Amino acid sequence: LPRYTRYATRRGRSGRGTKEQPSGARRAVASAGDRCTRADRPAVNTIYAGPKRGADRAVLLAHGAGSDMHASTLGRVADALADAKIPSLRFNYPYRDAGRKSPDRAAVLEAATREAASELGRWAKLPPERLVLGGRSMGGRYCSLIVGDDDDPVAALGLLLLGYPLH
């Protein structure tokens with residue numbers, strides 16, 4: 001069965017305005033001269049909410065280890081951002097789409113977070129330095145790791161850490 005990606009074109013919980021598209025229809029992401037093929041890149045399912053043009057920033061919302069992109073906290077934050085005319089993108093890490101409860105290895109989580117940030121930039125038509133990356137717990141942690149990476153940092157306007165363990 002093909003996997004589907006949901007793109008919310010209108011905010012709201014009723015599901016109206018949701019467009020589904022096979023995830024294979026998306027382009028592979030190439031970074032720093034590396035070629036990624038569809039087979040070796042992580043599949044990231046997403047929900048985009050908010051305006052598609054005219055915004056000066058956009059927010060990536062990554063879920064925590066025990067949840068997925070439909071978590072109520074992320075939904076409420078996405079709704080508040082949409083009310084403020086700020087686009088947001090929620091996404092699932094690959095282990096959640098595979099039906100597993102335990103998170104993937106760090107390299108897979110990092111690659112999925114990078115791909116989701118790139119996807120948000122394409123949808124919102126904004127450069128990476130106009131994106132705020134973050135999420136709840138583990139998702140926020142991986143966003144902070146890719147922004148602060150010594151070898152290949154992702155440019156970002158800021159970080160949004162929800163329920164982040166700072167101790």
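Okay, quick one on vocabulary before we start: when I say buried, I mean a residue with under 20% relative accessible area. And keep in mind that what's on the screen is a predicted model.

By that cut-off, Phe91 and Tyr93 are both buried. What do their two rings do with each other? Their centres are 4.9 Å apart and their planes sit at 70 degrees, so we call the pair edge-to-face. The count of aromatic pairs in the model comes to two. While we're on aromatics, have a look at Tyr142 as well: Arg141 lies over the face of that ring, 5.6 Å from its centre.

Now let's go to Ser88, which is in strand S5. Is Ser88 buried or exposed? Its relative accessible area is 1%, so Ser88 is buried. Who does Ser88 touch? Leaving out residues up to four places away in sequence, the contacts are Ile47, Tyr48, Ala49, Val59, Leu61, Ala78, Leu81 and Leu120.

Okay, zoom out to the sheet. Five strands make up an open sheet, and if you walk across it you go S3, S5, S4, S6, S7, with mixed pairing. Strand S3, residues 46–49, and strand S7, residues 158–162, are the edges; each has a single partner strand, so one side of each is left without a neighbour in the sheet. On average, neighbouring strands are turned by 20 degrees against each other, ignoring direction.

Let's take the pairs one by one. S4, residues 58–62, runs parallel to S6, residues 131–136, and five bridges hold that pairing. If you want a spot to click on, Ala62 stands opposite Gly135 in S6.

Then there are the helices on top of this. H1, residues 72–83, packs on the sheet and touches S4, S5, S6 and S7, and its direction makes about 175 degrees with that of S4. H4, residues 138–147, also packs on the sheet, touching S4, S6 and S7, at about 145 degrees to the direction of S6.

Last stop, the S6 and S7 end. These two strands are parallel too, joined by five bridges. Which residue in S7 is the bridge partner of Arg136? That's Leu162. And how does the chain get from S6 to S7? It passes through H4, and this β-α-β crossover is right-handed.

That's the tour, so over to you.

Conventions. Residues are numbered from 1 along each chain as its sequence is written. This is a predicted model: local features need pLDDT of at least 70, side-chain atom pairs count only at pLDDT 80 or more; totals for chains, interfaces and linings use all residues. Side-chain values use heavy atoms; hydrogens and water are left out. Two strands pair if DSSP finds at least two bridges between them. Helices (H or I, at least four residues) and strands (E, at least two) are DSSP runs, numbered from the N terminus. Axes are lines fitted to C-alpha atoms, for helices over the stretch in contact, and angles run from 0 to 180 degrees between N-to-C directions. Contact means heavy atoms within 4.5 Å. A crossover is right-handed if, with the strands pointing away from the viewer, the path from the first strand over the helix to the second runs clockwise. Rings of Phe, Tyr and Trp (its six-membered ring) pair if their centres lie within 6.5 Å; planes under 30 degrees apart count as stacked, over 60 as edge-to-face and the rest as tilted. Buried means under 20% relative accessible area, exposed over 50%, partly exposed in between (1.4 Å probe, protein chains only). A charge sits over a ring if NZ of Lys or CZ of Arg is within 6 Å of the ring centre and within 35 degrees of the ring normal.
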